[in-house]
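Visitor: Could you walk me through this one and tell me where your labels come from?
Guide: Sure, here it is.

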Amino acid sequence: MLKRSFLLAASAAALIGVLGLPAVAAPKGKDAKVTILVSPLTFAFPHFVFLTDELKDEAKKLGGVNIVVADGQLSAPKQIADIEAAIVQGVDGIILAPVEADALAGVVKQAIDAGIPVVTIDRPVNGVPEVLANVAADNFKGAEAQGEAVVKAFPDGATIVNLQGIPGDKTANDRNGGAHKVLDAAGKKYAFVAEQAGNFSRDKGLEVTENILTGLTQAPQVIIAANDDMALGAAQAVEARGLKGKVAIYGYDGSEGALKAVKSGDLAATVDQFPGRQGRTAINTLVSFIREGTKPQTNEILVSPVAITTDNLDQAERVGLIGK
């Protein structure tokens with residue numbers, strides 16, 4: 001019987017190799033100890049610090065889950081090397097926020113082929129449908145909420161500067177697309193006077209805003225930014241030019257710094273995409289599959305973002321971190 005089982009397993013492995021199908025590890029058991037590699041985009045963004053902290057806290061609650069964290073440092077080669085090392089070390093699963101959707105696809109496929117399930121978080125990789133799940137905010141809807149907040153605050157129209165994210169990045173594309181959908185549909189009275197990539201960076205957001213303000217003959221009424229870091233950089237540029245209170249700035253992420261700025265009036269709003277909920281969902285999804293073979297109902301698990309202003313500040317996920 002043992003020999004027959006071995007032969008069946010060998011035949012299955014051979015068939016998998018011939019067909020090019022990924023290896024699938026058997027469930028480890030309900031209380032099995034597991035090791036997970038977590039590779040965030042970068043800890044330079046508070047969003048990923050909070051997401052990872054919440055993910056680790058959920059792992060403690062689950063019990064028996066060892067989290068190995070590798071900072072992506074906004075470097076695709078760094079993430080690739082970290083994942084390759086994790087494959088060699090035989091981790092049980094990987095949670096990845098890819099720096100580049102195309103560049104990370106090959107190593108993600110390599111991990112899955114080795115029998116290591118992968119959950120992407122915050123953003124997907126391209127061309128790897130075998131990923132167990134992508135857990136993310138519905139960035140298009142979130143950006144629609146951002147645009148709707150602008151329309152509500154400026155019913156008679158506004159001149160708008162748009163600080164975009166990393167060119168070609170799906171998250172950046174969705175946030176740009178959602179904001180444009182709402183504001184373009186609202187009519188020509190909402191005019192984009194400048195649009196430029198700030199690469200999700202506070203320093204770049206500051207630099208780009210300074211350059212745009214220098215080139216405009218009149219300050220815009222609104223600046224929308226595809227993340228809070230760029231929004232906060234824009235707020236620095238606006239204040240340096242004596243325009244504080246005259247330009248309404250809208251961020252995206254719901255970060256602690258942005259919530260403080262909303263409370264103080266430095267930002268008009270931020271969009272909370274609930275990164276803590278994303279992290280907790282990702283680790284639960286992955287561990288359930290590793291231990292019990294439970295697949296999520298859908299491989300696209302989306303969290304609905306909410307535009308946060310002073311009117312609904314209490315709904316923000318990190319409101320407890322900003323003090324009174």
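Guide: Let's start inside: among the residues that line the second largest cavity are Gln-146, Asn-162, Arg-175 and Ala-226. Keep in mind that this is a predicted model, where local features need pLDDT of at least 70, side-chain atom pairs count only at pLDDT 80 or more, and totals for chains, interfaces and linings use all residues. Residues are numbered from 1 along each chain as its sequence is written, and side-chain values use heavy atoms, with hydrogens and water left out.

Visitor: What makes a set of points a cavity?
Guide: On a 1 Å grid over the protein atoms alone, a 1.4 Å probe has to fit at the points but be unable to get out; lining residues have an atom within 4 Å of a point. The second largest cavity holds about 50 Å³, a volume being the space filled by probe spheres set on the points, with grid points joined across faces, edges and corners.

Visitor: Which residues line the largest cavity?
Guide: Asp-122, Arg-123 and Gln-273 are among them, and that cavity has a volume of about 80 Å³.

Visitor: Why is Asp-122 called buried?
Guide: Buried means under 20% relative accessible area, exposed over 50%, partly exposed in between (1.4 Å probe, protein chains only). Asp-122 has 2%, so Asp-122 is buried. Asp-122 also has a positive phi of about 75° although it is not a glycine.

Visitor: And what makes Gly-63 partly exposed?
Guide: The relative accessible area of Gly-63 is 27%, so Gly-63 counts as partly exposed.

Visitor: Is Phe-274 buried or exposed?
Guide: Phe-274 comes in at 7%, so Phe-274 is buried.

Notes
1 Å grid on protein atoms, 1.4 Å probe; cavity = no way out; pocket = protein on both sides within 12 Å on 5 of 7 lines; lining within 4 Å.
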